[in-house]
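Please look at the model below, taking the fold of one chain before the DNA strand beside it.

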Protein chains: 2
Amino acid sequence: MQTGIVASIQPAETASALVRKLGALCLLSEEEIAYLEGLQNNTLSVDKGRDFIEENADLRTTFIVMEGWAIRYGLLSNGRRQILSYALPGDILGLHVNFRAAATYSASALTPLTLAVVDPRRVLEISQKYPIIAAGLSWCTAREFAILGDQAVRLGRLSAQQRLAHLLLELWHRVELIGNGAGDWLEMHMTQADLADTLGLSLVHTNRSLSALRRQGLITVHKDHVRLDDIDALIEMTDFNPKHLSEFRV
Amino acid sequence: MQTGIVASIQPAETASALVRKLGALCLLSEEEIAYLEGLQNNTLSVDKGRDFIEENADLRTTFIVMEGWAIRYGLLSNGRRQILSYALPGDILGLHVNFRAAATYSASALTPLTLAVVDPRRVLEISQKYPIIAAGLSWCTAREFAILGDQAVRLGRLSAQQRLAHLLLELWHRVELIGNGAGDWLEMHMTQADLADTLGLSLVHTNRSLSALRRQGLITVHKDHVRLDDIDALIEMTDFNPKHLSEFRV
DNA sequence: GCTCTGTCATTAACCTGTGACATAGCAACT
DNA sequence: AGTTGCTATGTCACAGGTTAATGACAGAGC
């Protein structure tokens, strides 16, 4: 924790989300911080609802979320969509793309989005020059795998209400971890249709499940926010494991 | 393809599964091949049904499947299991573990299994000394992400029969890719209970779905094998995209 | 060789969580 | 005012779950 404090003093206030995230994991030198910030100089703004990665298209770019939320999703020929995961500030999309001829998922901006655009070949450079950063990126990869694994468990073995509760916990915890939390409130950047496409449920049943959790006093639903009224009960009903998200509180 | 041919001549017959896999992707030097084979000198045999990674336990090892099949899975407190993915020869488990304090999934041997046991710190060494191999490992990571993404789409947005068909196609294609294929036959190393835990279905409904595909003339079911009788129709009904598995035919 | 036990596959009957459709209300935008 | 998008809810249908039973097969023990 001492390590974390030292790092936090340095990159905390004006640092990019990725630097704050990695800085909370390990002690970054000023050189490493400068390198990471320089890496993110080339930015792209994406309007809410616009795609910036298209499945099956060539993908030659690594994106780092600087501000806003994005979704990774797969689309079927019948128009059905499955959201795979949410990308928050500090998250990386396409970290392992140098051998990928085509994208295996699409990505879209859920809110107005600012992305850093990075040449994937820089990743090799990082591994050779900055082993600490490389280790941090490796951790980011493992975490991404854990998040997607939880999504598969959620879809395959939880009931509708449990899925919803588990997803709310995940997002709430992740927002907390990046320092954007608001106590037990979670800002809902997505519509109920997005929730449905995340949970593998119909729109109607998603709304029902939301209502059910509300009636049980577990959540309070406002227009753009949800409050988690009994976090322990939600955790209990879903087997939510915060360790899958790793502790790197900013 | 010329590159693939040259590489295949060299490591083809007695080479380990990982070397054959990476060798089919890129031209490996003799030094690189020797390094990769040396990396896999420390092996572990695991009996069928035994766990070798336990969720929430410390994970300080990278495993490479040399022979046999394994599963990655998550387990809930009510005993329900969700199989996340299958690991075949040449696949790597725990490639990104140097910052993981604990495993976020369990892994178990589906068949008698031979694993190479590798220190995760060797990955950094690889990145610094063997950039071609590092790129190959990066590709392995992206592929693993694609496979798990397909699993989420399957669980979230496909019907029971489609899930089954899609999974059979995935496994069949992956077996083909590592050179262990037998035409349109797929050796079934798993029980129907394993299938059920992969597909997020009940055991009984899994059997029903199997019967339904059989009745439709799409598959032929034998005790330990399944034959895909109409691969095009199976692909059509499921949106199966072989490109997600990448083409690296050995 | 026979019996018993355990595992796995298969199927029927009944039940239920969830999907689809329809409708209504509200807010924001044109 | 009309349109669009989103949320909310009722009704009915159905895909899939649960329970129970049966059959086949392999292995262990006598």
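Chain A has a radius of gyration of 18 Å, which agrees with the value near 18 Å that a compact globule of 250 residues would have. This radius is taken over C-alpha atoms, and the globule rule is 2.2 Å times the number of residues to the power 0.38. Along its principal axes, the C-alpha trace of chain A spans about 55 × 45 × 30 Å. Of the 250 residues in chain A, 59% are buried (under 20% relative accessible area, with a 1.4 Å probe and protein chains only).

This is a predicted model, in which local features need pLDDT of at least 70 and side-chain atom pairs count only at pLDDT 80 or more, while totals for chains, interfaces and linings use all residues. Residues are numbered from 1 along each chain as its sequence is written, chains are lettered from A and ligands numbered from 1 in the order in which they are written, and side-chain values use heavy atoms, with hydrogens and water left out.

Now turn to the DNA. Around DNA strand C there are 16 residues, each with a heavy atom within 4 Å of the strand. R80(A), R208(A), Q192(B), N207(B) and R208(B) come nearest. Of the strand C atoms within 4 Å of the protein, 67% belong to sugar or phosphate and the rest to bases.

Some polar contacts (pairs of N or O atoms within 3.5 Å) can be located. A phosphate oxygen of strand C is 3.3 Å from a side-chain N or O atom of H205(A). A base nitrogen of strand C lies 2.7 Å from a polar side-chain atom of R208(B).

Methods. Polar contact = N/O pair within 3.5 Å; in protein donor to acceptor, adjacent residues only side chain to side chain. Buried < 20%, exposed > 50% of the residue type's maximum accessible area, 1.4 Å probe, protein only.
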